[in-house]
Amino acid sequence: MSNPKIKVENLSKVFSTDEVDTYALADVSLSILEGDYVSISGPSGCGKSTLLSILGLLDTPSAGQYWLDGIDVSQIGLSQSAEIRCEKIGFVFQQFNLIDELSVADNIALPLRYSRKKHSREETAARVADCLGKVGMQNRSGHKPNQLSGGQQQRIAIARALVAQPAVLLVDEPTGNLDSKNGDAIMDLLGQLNAGGTTICMVTHDPRYANFAHKQINLLDGKIQPGDAYHGAGRQGEAA
Ligand SMILES: Nc1ncnc2c1ncn2[C@@H]1O[C@H](COP(=O)(O)OP(=O)(O)O)[C@@H](O)[C@H]1O
Ligand SMILES: [Mg+2]
């Protein structure tokens, strides 16, 4: 069995203010293997985004351990975490978060520009074209984001998240700003990407979309509900 792409143990997150401590996550342990497609579901406020932000190195846990692609990232500082995030994580947000002033191609190329590794102009162009192909948007590379529909913008955001060939694609409510037709199309795309080998962890409050994943994690009040299959095999049907 390959090493987990993501492994967390006894992860907790407390948000403290003068008045209250909010336990957003309590003792969360999970593993995500290469080729997995994992969903994280649960009611509003149960800690889904907090968990995904910590997995994406956008936030730090209050306690617990985290290994990302075999690297212990539990205690790393900000600059190292930015470097590792750039190399290992592709993040897709509900609001797309594209840069309106840049073309589609330049938006997708951004992670390569911020990467420690240098990429030639030719290699950048080839990777951008490859990712545009993966999301079915080859003929939109010169457009600006505001010339695209919401569903198309989310495809570009997914291409941008893939361009640096991350260890894992983290997706937070990817259909939240889309109508059901475009939402279904984005879910089909994520399914195709996973079938092609992309490891995916997706937050969704929609049980129908959670079923697209091969393993479902349900959070309630910051805790994983018992019985969730989050330790098992990589792809469906493979031995653990
Ligand atoms: N920056 C923050 N400061 C204080 N409390 C927060 C912060 N972010 C999230 N929380 C609280 O943590 C809990 C989990 O939030 P979140 O992870 O956003 O939930 P979900 O994504 O499942 O809706 C909620 O009670 C929320 O109010
Ligand atoms: Mg959320």
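In this predicted model, four strands make up an open sheet with antiparallel pairing. Their order is 2-1-4-5. Strand 2 and strand 5 (71–72) occupy the edges, and each has a single partner strand, so one side of each lacks a neighbour in the sheet. Strand 1 (residues 6–16) pairs with strand 2 in the antiparallel sense. Eight bridges join these two strands. Within strand 1, which spans residues 6–16, K7 stands opposite S31 of strand 2.

Helix 1 lies across strand 1, strand 2 and strand 4 (63–68). The helix runs at about 125° to strand 1.

Strand 2 and helix 1 also contribute to the surroundings of ligand 1. Strand 2 (21–32) and helix 1 (48–55) each supply at least two residues of the shell. Helix 1 gives the most, with three residues. The residues around the ligand are F15, T22, A24, P43, S44, G45, C46, G47, K48, S49 and T50. By class, the shell has four nonpolar, six polar and one charged residues.

Backbone atoms of G47, K48 and S49 approach oxygen atoms of ligand 1. For G47, a backbone N or O atom lies 3.1 Å from a ligand oxygen. A polar backbone atom of K48 is 2.9 Å from an oxygen atom of the ligand. For S49, the distance from a backbone N or O atom to a ligand oxygen is 2.9 Å. On its own, ligand 1 has 560 Å² of accessible area, and the protein covers 58% of this area.

Methods. Residues are numbered from 1 along each chain as its sequence is written. Chains are lettered from A and ligands numbered from 1 in the order in which they are written. This is a predicted model: local features need pLDDT of at least 70, side-chain atom pairs count only at pLDDT 80 or more; totals for chains, interfaces and linings use all residues. Side-chain values use heavy atoms; hydrogens and water are left out. A residue is near a molecule or strand if one of its heavy atoms lies within 4 Å of it. A polar contact is a pair of N or O atoms within 3.5 Å; within protein, one must be able to donate a hydrogen and the other to accept it, and residues adjacent in sequence count only if both atoms are side-chain atoms. Accessible areas come from the Shrake-Rupley method with a 1.4 Å probe; for residues, only the protein chains shown count as cover. Ala, Val, Leu, Ile, Met, Phe, Trp, Tyr, Cys and Pro count as nonpolar, Asp, Glu, Lys and Arg as charged, and the others, Gly among them, as polar. Two strands pair if DSSP finds at least two bridges between them. Contact means heavy atoms within 4.5 Å. Axes are lines fitted to C-alpha atoms, for helices over the stretch in contact, and angles run from 0 to 180 degrees between N-to-C directions.
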